[in-house]
2 protein chains.
Amino acid sequence: MRQSKLFTRARREAPADEMARNAQLLIRAGYVHKEMAGVYSYLPLGLRVIEKIKAIVREEMDALGGQEIIMSTLQRKEVWEQTDRWSDEKVDVWFKAKLAAGGEVGFGWSHEEPITDMMTQFISSYRDLPAYVYQFQTKLRNELRAKSGIMRGREFVMKDMYSYTLDEAAHKAFYDSAIAAYLRVFERTGVGDQTFLTFASGGAFTEFSHEFQTLSDAGEDTVYLHREKKLAVNDEVLRDDVLAKLGMKRDELEEVKAVEVGNIFDFGGVKSQQLGLMYKNAAGESVPVHLGSYGIGITRLMGVIVETTADDKGLIWPAAVAPFFVHLVSLGKGSDEITKTAEGVYAELVEVGVEVLYDDRDMSAGQKFAESDLIGIPSRIIVGKDAATTGTFEVVERASGKVEKLSREALLARFSHA
Amino acid sequence: MRQSKLFTRARREAPADEMARNAQLLIRAGYVHKEMAGVYSYLPLGLRVIEKIKAIVREEMDALGGQEIIMSTLQRKEVWEQTDRWSDEKVDVWFKAKLAAGGEVGFGWSHEEPITDMMTQFISSYRDLPAYVYQFQTKLRNELRAKSGIMRGREFVMKDMYSYTLDEAAHKAFYDSAIAAYLRVFERTGVGDQTFLTFASGGAFTEFSHEFQTLSDAGEDTVYLHREKKLAVNDEVLRDDVLAKLGMKRDELEEVKAVEVGNIFDFGGVKSQQLGLMYKNAAGESVPVHLGSYGIGITRLMGVIVETTADDKGLIWPAAVAPFFVHLVSLGKGSDEITKTAEGVYAELVEVGVEVLYDDRDMSAGQKFAESDLIGIPSRIIVGKDAATTGTFEVVERASGKVEKLSREALLARFSHA
C-alpha cells in the first residue's frame, strides 16, 4: 500500500488523557483512535494487526475441531436469570437498556449463557457430542475504570470458545489440547517466551481454572512464577497445599506483574443443568452436558505485544502479526531515478506477494525514518542514491537495528521467501 | 466439511413466532439462531454466507480506494449533540446506557458522526483529500417492530463507507463510481436482475439521494419502477417535476414492493461544518469537507437473496455466496464400497480446493435429499450404488433440478475449474 494514500499519519503526541503506553504508541502511529476512556476504534494499520492475530487464533481453534459462529450482542434477560447473573449485584459490568417494544435487554459482556442456551436446540443425545464452538466477539463491559489502553477496554474483541462434551474424561482430553493450542497461539504471536500457564481458582465449579499470563510491567495482575517449570500460580491459589500438589516450593517463586491474555475454565455440569442443556446417555438417562470455556482477549493481546516489544522509538511488531512485512522507504522526490527505482522494487515485491507499505511521500529522510521506527514494520528497505546508481539497497531490521546491504536480486530473493 | 461434525442440523419447524420466510428457512436449515425478535446469531453455515458477501463488498470497496477500519459500538453523546441527533425525539432507535464512571453512552445505530469527528484528526489541508473509509459494523437499533427476519433487525451487519472530498465535482465523480460498484455488488451476489437504482429524497442536504431496491413481495418499501430505463423512484420523489427531469412518464411506471439493500447519500458540507471537519484550500481559506455516505445492509442482503431465490423445498444460494459449492451426499453405510468411493471423491475435491459439505451421516436417502434441498448448496453430487460399481455420479443442480451423470474424471474436471 502506498503511504501517500493512507489517510492516517503519525502524530507527535498522544491525547493528554491517555496514560497507557500501548495506546499512546498505537495512537501516535495511527493504528487506533481513542473514542473515550477504554473505547478505541481501529484504523487500517490496527485492523490489519487484529486480523492477523485472529487468523492465527482461528487456525488453532479450527485445528481443535472448533466451529466458528457469531452470537448477537443483544441478550435476553431470561437466559441470564436462569444462572442468577442478570442482577447488577452479581455482575457489575452490565450495560442494559429498555427495549422500545417493552422489556429490557443486556449487551453482551460474556456469552456463556446465550451460547449454552442456544445449544439446547442442537444437543439432546450423546450422539450430538462433542461440539466445540467459538466466535470473535466484541464484548461490552461497563468498567468503572479503564486506564490500561487497549489491554482493558469497555469495548474489546475476544475469542471465546465453548466445549460441550460427554463427561469429565472427554472434557479433560479437550481441555489439555486447548492448553497446547493456546501456548501455540502465544508462541506464534511473539509473546511465547513471556507467557506462562497459570493456576487460578476454579470457583464453585472445579479445583483450578487456568490463565495465560504474559509478564509485563504494565500488567494489572500479580502472579507467582516458577521459571524452571514454566508455570505460575495466581494469588487465589498461592497456598502450601496447592504448591505441594504442583511440586513447587514458595522460595522458588518470583512475584511478577503480568497481563492475563487468556483463560480456560471447567464448568462441569453446573451451568448446563441451570440452562437445561441435558442429553440422553447410552443408558437413556438425562445427564447435564459438560461445559468448558476458553477465552483469548484479541485486542488485549495486541496491546500486550506492544507493551512487551516496543522501544523508545516506537512499535516493533513480530512478523506474524505485523500490518505489513516490509516498509519500503523511498528517498526520491518527484520523478527522479530514486523514485523510479523505488516504484520498480515496489511493483516487484507486490507481484511476488510481499505485504509492503511503500512510503512514496515527499518528506525528509529523517522524518520518514522516525515515522518508520514508530510504525514498527519488521524490515525497512531504504531506496536512496546508492540504490538508484549502484543497485545496492539498505535493509534495516526494526527490532535489532541490524543493517544489511543487498543487491536487487538478493533483496527480492530474501523477501519473496518470507 | 463433514456434516457429521457440523453441530447444527436441519429442523422441520421454525419457531412459532417467526413470521418472515427468510428467517424461517434459515433457522430450519441451521444457518441462524433466533435470539429474540429482530436479533439473530449466525451459525457456521450462516457465517460462511456473511463472509462471502463481505468478501465481495470488500473487493469492490477496495477497488474504489476505500480503506477498511472498524469503529467502536460505544459512542459519545457530545459528538451526536453537535448535529442535534442525540435526543430520542430526533432519532427514535437509540439504545443508550449510563456509564458506571458517570455520564451516558450511545450504542452505534449509525457511524456518520463519530467517523466524521474522528477524521478531524487526519484532515486539515486539501493535501489530505480525498479519503474513503469503510467498515463492516454491527449496528444496534431499538426498533419498535421487527418482523422481517434478518431483513430488518434490531442488530444487523452493515457496510458503511464515507467519502471525504474537496468539493462537489470530486464528490460527484466518486459518487458515480460508487453507484457502479454497488450495482456490481448486487450483480455478483445474485440479485442484480431484480435490483434497481432508485431516486429518493436528499433531505435538507441535496436534491436526491439514491437507494438500491430489490424487488420482493417481502419488501417493506413501495417503489415506482421504469423497467426499460432500469431506474425507479420512491414515493418521496414521485412528482411530475422529478419524473420530467428523469425523462419518465407516470404511466410507464410499475408500483412494486421492494427491499432497500443499499443507499448512498450526499451530505455536502453541512455535517462536516457541524462537526468541525474543515480544511484549508489552496488559497488558505477554511472550507468544510464534502461528505458522502454509502451503505449496504450485509445481513439484509443475505435475507433478500433468500427471499428472491428460495423455493418450496428450501434455500437456493447463488454460487458466489453459497456456504459451500458442492454438497457431496453419500448413500453408503459404515465401511462399504459406496462409503469408500464417497470418501475418495471428498478427499480429491478438497485437494483441488473445492468447498465441499460432505454428508457422511448414517441416514435415509430421502431424509438426506430433503435436507440437502433445504440447505441449498448449488450442486449436489450423489454417491450411490452406481457410483461405487460403474463409476457414474449423479450431479443435481439445486436451482433447476437438472440431473447429469458424470464419470469420476468428468466430475473432478467440472468442479476443480469452478
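In strand β20 of chain A, the residue that serves as bridge partner to A:Ile381 is A:Val395, and I should say straight away that this is a predicted model, with ipTM 0.97 and pTM 0.97, in which chain A has an average pLDDT of 96 and 100% of its residues score at least 70.

That bridge belongs to the pairing of strand β19, residues 379-383, with strand β20, residues 392-397, both of chain A, which run antiparallel and are joined over 4 bridges. Stepping back, these strands sit in an open sheet of 5 strands in chain A, ordered β18-β17-β19-β20-β21, with mixed pairing. At the edges, each pairing on one side only, are β18 (356-359) and β21 (403-407) of chain A, and from one strand to the next the twist averages 25°.

Two helices of chain A lie across this sheet: α10, residues 365-375, crosses β17, β18 and β19 and runs at about 170° to β17(A), while α12, residues 408-416, crosses β17, β19, β20 and β21 and runs at about 110° to β21(A).

Turning now to the two chains, chain B is superposed on chain A by a rotation of 180° with 0.0 Å of shift along the axis, at an RMSD of 0.0 Å, so the copies are related as by a two-fold rotation axis. The C-alpha of chain B nearest that axis belongs to B:Ala97, at 3.0 Å.

The contact draws 42 residues from chain B and 42 residues from chain A; among the elements of chain B that give two or more residues are α2 (44-63) and β7 (131-140), and by class the chain B side has 25 nonpolar, 9 polar and 8 charged residues.

Conventions
Residues are numbered from 1 along each chain as its sequence is written. Chains are lettered from A and ligands numbered from 1 in the order in which they are written. This is a predicted model: local features need pLDDT of at least 70, side-chain atom pairs count only at pLDDT 80 or more; totals for chains, interfaces and linings use all residues. Copies are superposed by least squares on the C-alpha atoms of residues with pLDDT of at least 70 in both. Two residues are in contact if their C-beta atoms, placed from the backbone, lie within 7 Å. Ala, Val, Leu, Ile, Met, Phe, Trp, Tyr, Cys and Pro count as nonpolar, Asp, Glu, Lys and Arg as charged, and the others, Gly among them, as polar. pLDDT is the predictor's confidence in each residue, from 0 to 100. Two strands pair if DSSP finds at least two bridges between them. Axes are lines fitted to C-alpha atoms, for helices over the stretch in contact, and angles run from 0 to 180 degrees between N-to-C directions.
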